[in-house]
Structure formats: C-alpha cells, structure tokens
Amino acid sequence: MNKEIRLILVLFISLLFGACAPEESIGKAVPEKTRVTDSNETVKIGFSMDTLKEERWLKDQALFKKAVEELGAEVEIVAANGDDALQLTQAETLIQQGIDLLVIVPHNAEATAAIVQKAHRAGIKVIAYDRLVKNADIDLYVSFDNEQVGEMQAESILELVPTGNYVYIGGATTDNNVHLIKKGVFNVLQPAINRGDIKIVYDQWTEDWSPEKAFLNMTEALAVNNNKIDAVIAANDATAGGVIQALEAQGLAGQIPVAGQDAELAAAQRIVGGTQTMTVYKPIQILTEQAAALAVRMAKGEDVNTVKYVNNGKIDVPSILLTPIPVTVENMRDTVIADGFHTGTDVYGVVDE
C-alpha cells in the first residue's frame, strides 16, 4: 500500500471515529498524531486567514511567517478573502496535508466552528488569532483586548466632544471583535448618554468592513441629520476612511473628530493631516511573535497556561489578551514610528530626520 493511500485511509478513519472522542482542552496532552517528539522532525503550522485585502493583514502574514520560521518550524498560509466556504475548504486542505496545529483568523465567527470540529477530529489543536471563533471548543485565543480598544476610542472622542450628536459606524457583524469594540465604546459613552450630554443619532454596522459601505452609511447619517453631527467613532481605520470621504463631500473633513483603529498608514497620514483624530495601535509584531511561540509549543505537546478566559458561547476559552495603544498626532512618533510600524517619511511625507 503506497504512502498516499495509507494517508487517505488514516484521515478517513480519524474523521469517521474522531467525533466520538472527547475534545482536548488547553493544558492537556496533545494527541500523539500532533506531537513532534523527534528533534529532527519539523513542526508544521497551518495559518488560515480571512483576508489579505487590507494593509493590516498583510503585515500579520509576513510577521507571523517570519516568527514561525525563526523558531525552526514551517508555516503554510492561505487566505479566503471573505469567502466562508473557501475558508472551510482551505482549512480542510491544510488538515489533510498533515499540519501539526491550525491557527485561524475567522471571517465568520460562527461558521468557522466547523473548522475547529474538523481539526479536532484529526487530532489537531486550533488557535483563534485576533478574532474569536464562536460556539466551538477552541484551544486558545490570542488577541488584543478589543473591549479596551473601544474604550480608548470613546475616551479620546468624549474628551474632545463632551456634548453633541454622535455617530457610530461599526464593522462586520460576522467578526466577533466588532461586538467587543462596540461594548467598550458604550461602556464609556453610556453615562454621558444617560445624562443627556450626548445623543447617538446614527448607529450602523458595515458589511465586510467595506470603506465604500462605510461611506454610504456616513452619507446617510449626514443626510438624515442635516449635517448636524459632532463626532464619529468608526470600528477601524478602513471604515474611518469611508467616513472621512463622506465628510469631505460635505466640506466637513477636519471639523468633526473621527476615531478608528489598526494604525494603518493611511490613517496615520490622516491624523497628521488633521482629518482623523485618533487610531488604536495594536503592535502586530508582539501579537505574531506570541502566537507563533504558542503555536509551536502546543504543536509539540507542551502545556500552555493562561489566567484569562473569554466565553465564546460554548466554553470559556483560555486567552492571551494584549494591551492596545491609543495614537494621536501628539504621540505618533513615540508609538508607531518608534516601533518601526511606519516610517516618519511615510507618515509625514518628508524625509524623517
């Protein structure tokens, strides 16, 4: 029997009977299939990404690959670009290729539960990277504190605009992070809302995080409120870009504070140019290095202990939550530029001394 046929039979048997086996939890031994006990055997990590259409995720891809390879492991990276069915198919292919551990950035927090189940049936543990997978026995969640992201956005804007009409432009509802970010925003805004100091005059999600759809949402918000809007909080920098385009069309860019997150280059440029007020910087290099180290350890069967847990609707998921950083024109050089995330030349458009 050749190697390929034998591998297919093994996978078929594991899928057929794996559902009867109890799910492994963090801190327990990894199934023998995924253990890399031979020091000469290379750990293979699969990285299933939602998209590579945004600047931020291109950085994650490159940095995660670098971090994994520096640990002596291999990584296979695929991206579904917002297609749930394709992400499932790509993950199945990674599993069939014999990866030792799967890292996933879910497009749809609910739909990717099926990927976790398939991986577990094959004896492969799964790490949710930056975005939580809902209703699944996920083994580890590594991200930034997204509720804190929303709190930082709201605190910055509320300090500038303590009274007035607010617009909230959310992200894609399929991404669990948007709900955490919005919760953080309203943790801060709700007391001012209760006092009657501020009023939420428009609140809308943005399908697939699309800047074009954020533009349409903001255009509608301006129209229904006769341009009487005092502040905008957008779920990320891409949606903030759409918001600012809508404000520019009405001659209001730079007059109305706008918050975003991700510290994209375009957002940093808008901040120094005065059309965006702030962004929230999530040091991706720290995230990728942590995730890579944890992935390799878990693939080798080593224990990982955490002190934080995030409920995903099914279990309390062991979690590593990193601290984000608010960025304004005042601390741009001390944060994203000092870290090398962007260069001063790129941000300011002149040679940085």
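A salt bridge is a side-chain nitrogen of Lys or Arg within 4 Å of a carboxyl oxygen of Asp or Glu. By that rule, the count in this predicted model comes to 15 salt bridges. Let's visit a few of them in your viewer.

**Stop 1: aspartate 262 and arginine 56**

Select aspartate 262 and arginine 56 and show their side chains. They form a salt bridge, with 3.8 Å between the closest N and O atoms. Where in the chain do the two partners of this pair sit? Aspartate 262 lies in the loop between strand S9 (258-259) and helix H9 (265-273), while arginine 56 belongs to helix H2 (residues 55-70). The pair links distant parts of the chain, 206 residues apart.

Now switch on the surface. Are these two side chains buried or exposed? Buried means under 20% relative accessible area. Aspartate 262 has 8%, so it counts as buried. Arginine 56 has 3%, so it is buried too.

**Stop 2: aspartate 175 and arginine 131**

Next, select aspartate 175 and arginine 131. Here the closest N and O atoms of the salt bridge are 2.9 Å apart. Aspartate 175 is in the loop between strand S6 (164-169) and helix H6 (176-195), and arginine 131 is in the loop between strand S4 (125-129) and strand S5 (140-144). Along the sequence, 44 residues separate them. Both aspartate 175 and arginine 131 are buried.

**Stop 3: lysine 183 and glutamate 147**

Move on to lysine 183 in helix H6 and glutamate 147 in helix H5 (residues 146-160). Their side chains meet in a salt bridge at 3.8 Å, N to O, and the partners are 36 residues apart. How accessible are they? Lysine 183 has a relative accessible area of 46%, and glutamate 147 has 23%. Partly exposed covers the range between 20% and 50%, so both residues fall into that class.

**Stop 4: a network**

Select Arg56, Asp60, Asp130, Asp262 and Lys282 together. Salt bridges that share partners join these residues into one network. You have already met two of its members, Arg56 and Asp262, at the first stop.

**Stop 5: glycine 171**

Finally, select glycine 171, in the loop between S6 and H6. Its relative accessibility is 0%, so glycine 171 counts as buried. Which residues does it touch, leaving aside neighbours within four places in sequence? Glycine 171 is in contact with Val178, Trp205, Thr206, Trp209 and Ala235. To end, draw a distance from glycine 171 to alanine 238: they are 67 residues apart in sequence, and 9.4 Å apart in space from C-alpha to C-alpha.

Note on methods:
Residues are numbered from 1 along each chain as its sequence is written. This is a predicted model: local features need pLDDT of at least 70, side-chain atom pairs count only at pLDDT 80 or more; totals for chains, interfaces and linings use all residues. Side-chain values use heavy atoms; hydrogens and water are left out. Helices (H or I, at least four residues) and strands (E, at least two) are DSSP runs, numbered from the N terminus. Buried means under 20% relative accessible area, exposed over 50%, partly exposed in between (1.4 Å probe, protein chains only). Contact means heavy atoms within 4.5 Å.
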